[in-house]
Amino acid sequence: MSIDIPRLEPALLEQLQGKLKLPAYDPSSTGIGIVHIGPGAFFRAHQAWYTDLALKYGGDWGISVVSMRSNDLAKALTPQQGLYSLVLLDKTTEYQLVGSIRELLVAAEQYEQVLQRLAAPSSCYVTLTITEKGYCLNTLGELDLTHADIQHDLETNVKARSAIGLLVQALALRFAANVPPFVVLSCDNLTDNGHKLRNALLTFARQKQPALANWLEQQLLCPCTMVDSITPATDEELPKQLAAELGYQDNWPIKREKFCQWVIEDILPAHRPAWHQVGVTYTQDVKAFEKAKLRLLNAPHSALAYLGSLCGLETVFDAMQQTQLRNFVQKLAQNEIIGSFHAPAELNPAEYSADIFQRFDNPAIRHLLAQIAWDGSQKLPMRVFPIIQDNLASGRSIRLLSLVVASWMLFIRLRYQQQPDTALVDPLAASLLDCAAACTDDAVTDTRLFLALGQVFPPALQQSELFKVQLTQAYQQLCPLLLLPKGTDVAAFLQDLVE
Ligand code: CS2
């Protein structure tokens, strides 16, 4: 990047007038009222963006972002005083500057400062994007008290490694100072995210300080949410594109599709950011929205990630250009997902599903299948297994859903073959790779090996004879994909998937 390109910083805002959409308030005079834990690209593309728009209506709702371990973001955005660029990609490209981040902290390096920020009465809201694994839950959705980070954090006076441990330490400080608890919003793709989070915090507090747990039982609010916007990881091209188009250097811009949705359970106190003014939906029934999104967007996303990777494809767009894969996810939605839940009154599931596949078909978005394929052991229990359980209970088909699970098992074997060049990104990588190492291509024994993974499959599925039979058949049907020479045209092979 040429050195005479100015760096993005507040002093540059005046020059940028008219070039891109700027914050409609003065970030530098905005106080902090929200703490966010886990500041990945999705948070910056979604919650930080909604808050940036809401700040036009006033209030000290600036955000202090806390990374548990990595200081990459703090190093990138601190010189820009938290400012960063958001690029919206669709038929046309739009550029916006987001100013809602007012502080960047790293818990591992600034633990006391993070605790003080969380304990401050002015910190009224905490939002989380810590991914499914960050909640340290077992397959029943309860806090896993045997989890290494939770065991560590239950010891006295330690720097917490988990967000759950950190939040309970901060809540204990507020309890001691008679400051009401902050409201905590999980913004992750978890079923029942607010309830699971609340139970995890209470369970942890009960282990540490029963009086604190009783206080939280009375006062702690963890609204459920549904969050949605396709946000691929930033690549090297994006900063160059900004420098070329707008003439400034941004250390870590982000990009996403134009579609964005946030649904929040309507239990927030009156003192809140003006999110309702900028398109956030409040409802008593988040569950219906959550099911629609996790089942009609995230489940087909995982299907494309594993089947597409087995076919040697790279992005969601590439996978959607593969007619057989497109047919597969459309049939999956129509035949096995849409009937598995009650949609919100205002949502037509068939239209909603068609819109989602149109979003997947956005050529401007390079969303890597490998990124979506991460953490399958955590994602499938949230987005695929609940559909299988509901369909088993109602006698509906699970044939295509079983193909999705089988494709994940074969994806694990693919990553095993690709070691050490391509690592398997999953908190259970070690036991999954052990499983892959023991596989012999015999569908019955290989399926038994995977189904024995109690940290992945809930007991209800492990004990279901029908699921075992369907999964074994699916695995047998897909197994040849793993053995096909690279570059084989898979169209003919995939043809049978939906028939
Ligand atoms: C994706 C999600 O990486 C994944 O698992 O399915 O990040 C998805 O893009 C978002 O949930 C869309 O809102």
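Here are some questions and answers on how the labels for this predicted model follow from its numbers.

Q: How do you know which features of the model count, and how are they numbered?
A: It's a predicted model, so local features need pLDDT of at least 70 and side-chain atom pairs count only at pLDDT 80 or more, while totals for chains, interfaces and linings use all residues. Residues are numbered from 1 along each chain as its sequence is written, and side-chain values use heavy atoms, with hydrogens and water left out.

Q: What makes up the secondary structure of the protein chain?
A: There are 23 helices and 11 strands. Those are DSSP runs numbered from the N terminus: H or I of at least four residues for a helix, E of at least two for a strand.

Q: Why is the protein chain called as compact as a globular protein of its length?
A: Its radius of gyration is 23 Å, close to the 23 Å that the globule rule gives for 499 residues, so the label fits. The radius is taken over C-alpha atoms, and the rule is 2.2 Å times the number of residues to the power 0.38. Along the principal axes, the C-alpha atoms fill a box of roughly 65 × 55 × 50 Å.

Q: Why is Q47 called buried?
A: Buried means under 20% relative accessible area (exposed is over 50%, partly exposed in between; 1.4 Å probe, protein chains only). Q47 comes in at 1%, so it counts as buried. This residue is in helix 3 (residues 47–54). Beyond its neighbours within four places in sequence, Q47 has contacts (heavy atoms within 4.5 Å) with H36, F42, T129, C187, V227 and W262. Chain-wide, 58% of the 499 residues count as buried.

Q: What makes I398 buried, and which residues does I398 touch?
A: Its relative accessible area is 2%, so I398 is buried. I398 sits in the loop between helix 17 (385–394) and helix 18. Leaving aside neighbours within four places in sequence, its contacts are E336, I388, N391, L392, L466, F467 and Q470. As for I388, its C-alpha is 6.1 Å from that of I398, with the two positions 10 residues apart along the chain.

Q: Why are Q81 and D441 called partly exposed?
A: Q81 has a relative accessible area of 45% and D441 has 36%, so each gets that label. Phi is positive at both: near 50 degrees for Q81 and near 75 degrees for D441. Q81 is in the loop between helix 4 (72–77) and strand 3 (84–89), and D441 is in the loop between helix 19 and helix 20 (443–451).

Q: How do you know whether the peptide bond from Q419 to P420 is cis or trans?
A: Omega is near -10 degrees, and the bond is cis. Most residues other than glycine have a negative phi, and most peptide bonds are trans.

Q: What makes F457 and F467 a pair, and what kind of pair is it?
A: Rings of Phe, Tyr and Trp (its six-membered ring) pair if their centres lie within 6.5 Å; planes under 30 degrees apart are stacked, over 60 edge-to-face, the rest tilted. F457 and F467 are 6.4 Å apart centre to centre with 50 degrees between the planes, a tilted pair. F457 lies in the loop between helix 20 and helix 21 (459–462) and F467 in helix 22 (residues 465–483), so the pair ties together parts 10 residues apart in sequence. Both are buried. The structure holds 12 aromatic pairs.
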